[in-house]
Amino acid sequence: MSPSAKITSMKHTPGTGTNTNTNSGYVPGRSIAEIAEEYNIPVDSIIKLGSNETPLGPSPAAVQAVTDRASGISVYPESDAKDLCNAISEYTGHPAETIVAGAGMDGVIDTLMRILMPGEAIIPTPTFSYYAISARAHHGTPVFTPRNRDFSVDPQNILSQVTDETRVIFICSPNNPGGNLIPESDLRIILEGLEGRDAIVFLDEAYVEFSERSMINLAKKHDNLVVGRTLSKAFGLAGLRVGYGVMSERTRERYLKYATPFAVSSLATAAGIAALGDREHLTRSIRLVRDGRKKLAGIPFPVHPSEANFVLVNVSPHRSDAVCDFLARRGLIVRDCSSFRDAGDSLVRVSVGTAEQNARVVDAFSEFQNS
Ligand SMILES: Cc1ncc(COP(=O)(O)O)c(C=O)c1O
């Protein structure tokens with residue numbers, strides 16, 4: 001259990017709700033400009049807690065690196081982002097020969113789908129919706145399997161979905177939107193169950209820095225594990241698009257054959273290297289989020305235990321869209337999860353903000369509760 005204790009347990013109802021069709025494309029969190037226009041609110045009074053960005057912002061060293069590199073943008077970056085991969089190698093403790101970098105983790109996922117699809121992609125839901133979009137874009141077939149009522153996955157149930165067509169199982173840990181980790185023993189069962197097949201497990205650790213524990217080391221033992229990470233969250237570089245993957249050397253060779261050359265821009269590379277080197281900033285970013293999670297546990301509805309930089313709130317018997325609208329009128333952007341497959345229509349995801357922003361969110365939920 002995460003340090004954000006005193007959190008009420010919460011059940012959801014898998015497979016219910018109208019949101020079972022993800023063919024409509026990725027639904028991003030709402031933007032400040034959109035809310036300002038719709039509700040006629042000044043832009044600078046709006047607080048955006050709908051897209052899991054960091055409340056601390058980027059490392060000043062990363063901002064400086066972008067400025068320093070700006071005059072060199074007429075030149076292509078290195079095609080394989082070697083320097084960035086070396087910095088990631090130092091950060092993760094994994095050899096550079098097992099690392100790829102991409103335009104966000106989304107870019108890494110997309111390249112992987114290029115080499116793995118067509119075939120079946122097993123996706124425990126509710127979860128990050130881009131997996132299914134990317135699989136479909138590469139002529140693959142998503143196979144959705146609902147998570148348990150507490151958002152955990154059942155490894156045996158997942159393995160029972162595996163066929164000769166299975167090419168990937170997506171496991172998000174901490175999961176978006178539940179915020180929960182998969183236990184290492186469950187992940188091992190899935191990895192071992194997949195051995196000998198032409199298939200991988202993609203472990204998405206976008207939010208892992210905020211959690212108690214990463215499972216990236218399993219990539220050293222299991223050739224069929226690919227771990228996806230990003231600098232969009234704890235490192236605060238969402239606008240630059242830097243993600244990476246850790247995988248076997250063999251998978252990396254296949255990946256690089258089909259990867260977009262120059263996928264990471266020179267500015268993103270420079271910022272990424274600087275951000276990875278600023279561990280003090282990272283520590284501050286993590287501390288701010290862990291403290292903030294405790295504050296958000298005071299929202300007067302059941303809040304799911306979270307190891308990420310967001311919490312999931314069950315506003316039942318109210319509808320999530322009504323709650324999000326109520327908050328938006330008060331200049332607070334949170335995420336209505338009804339667009340997540342199998343999430344039902346009563347879940348609201350709130351990104352951890354600054355102490356002041358978190359207090360405003362808790363007050364707004366209380367106001368809703370009392371309205
Ligand atoms: C679980 C998960 N994986 C991946 C991503 C994409 O990360 P990136 O910004 O690196 O593309 C997100 C973005 O919100 C996410 O929530």
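**Exercise 1. A residue with an unusual backbone angle**

How many C-beta neighbours lie inside 10 Å of Phe-151, and is Phe-151 buried or exposed?

*Solution.* Start with the model. It is predicted, so local features need pLDDT of at least 70 and side-chain atom pairs count only at pLDDT 80 or more, while totals for chains, interfaces and linings use all residues. Numbering runs from 1 along each chain as its sequence is written.

Step 1: apply the cut-off. A residue is buried if 20 or more other C-beta atoms lie within 10 Å of its own, exposed if 12 or fewer, and partly exposed in between, with C-beta atoms placed from the backbone.

Step 2: count. Phe-151 has 24 C-beta neighbours inside 10 Å, so Phe-151 counts as buried.

Step 3: check the backbone. Phe-151 is not a glycine, yet has a positive phi of about 75°.

Step 4: place it. Phe-151 lies in the loop between E4 and helix H6 (155–159). Helices (H or I, at least four residues) and strands (E, at least two) are DSSP runs, numbered from the N terminus.

**Exercise 2. Two more loops, and one more phi**

Find the loop that holds Asp-342, then the cis peptide bonds that precede Pro-118 and Pro-177.

*Solution.* Step 1: recall the background. Most residues other than glycine have a negative phi, and most peptide bonds are trans.

Step 2: take Asp-342. Its phi is positive, near 65°. Asp-342 sits in the loop between E11 and E12. It counts as buried because it has 22 C-beta neighbours inside 10 Å.

Step 3: take Pro-118. A cis peptide bond links Met-117 to Pro-118, with omega about 5°. Pro-118 is in the loop between H4 and E3.

Step 4: take Pro-177. The bond from Asn-176 to Pro-177 is cis, with omega near 20°. Pro-177 belongs to the loop between E5 and helix H7 (184–194).

**Exercise 3. Covered strands**

Which residues of E3 point to one side, and which to the other? Repeat the task for E6.

*Solution.* Step 1: recall the pattern. In a regular strand the side chains alternate between the two faces of the sheet.

Step 2: read E3 (residues 120–125). Glu-120, Ile-122 and Pro-124 are on one side, and Ala-121, Ile-123 and Thr-125 on the other. In E3, 6 of 6 residues are buried.

Step 3: find its partner. Two strands pair if DSSP finds at least two bridges between them. E3 pairs with strand E4 (residues 141–146) in the parallel sense over 6 bridges. Thr-125 has Pro-146 in E4 as its bridge partner.

Step 4: read E6 (residues 200–204). Ile-200, Phe-202 and Asp-204 point one way, Val-201 and Leu-203 the other way. Here 5 of 5 residues are buried.

Step 5: find its partner. Strand E5 (residues 166–172) and E6 pair in the parallel sense over 5 bridges. Phe-170 stands opposite Phe-202 in E6.

**Exercise 4. The open sheet**

What is the strand order of the open sheet of 3 strands? Why do E9 and E11 stand at the edges?

*Solution.* Step 1: the order is E9-E12-E11, with antiparallel pairing.

Step 2: strand E9 (310–314) and strand E11 (335–336) each have a single partner strand, so one side of each is left without a neighbour in the sheet.

Step 3: E11 joins strand E12 (residues 347–351) through 2 bridges. Arg-335 has Arg-349 in E12 as its bridge partner.

**Exercise 5. Two domains and a ligand**

Describe where the two domains touch, then what surrounds the ligand.

*Solution.* Step 1: set the bounds. The assignment, automatic or from a database, gives domain 1 (32–57 + 280–370) and domain 2 (60–278).

Step 2: count contacts. Two residues are in contact if their C-beta atoms, placed from the backbone, lie within 7 Å. By that rule, 28 residues of domain 1 are in contact with 24 residues of domain 2.

Step 3: find the source. Helix H11 (279–296), E9 and E12 each supply at least two residues of the side of domain 1 that touches domain 2. H11 gives the largest share, 7 residues.

Step 4: turn to the ligand. It is surrounded by 13 residues, with near meaning a C-beta atom, placed from the backbone, within 6 Å. The closest are Gly-104, Met-105, Asp-106, Thr-230 and Ser-232. Helix H4 (residues 104–116) gives the most to this shell, with 3 residues.
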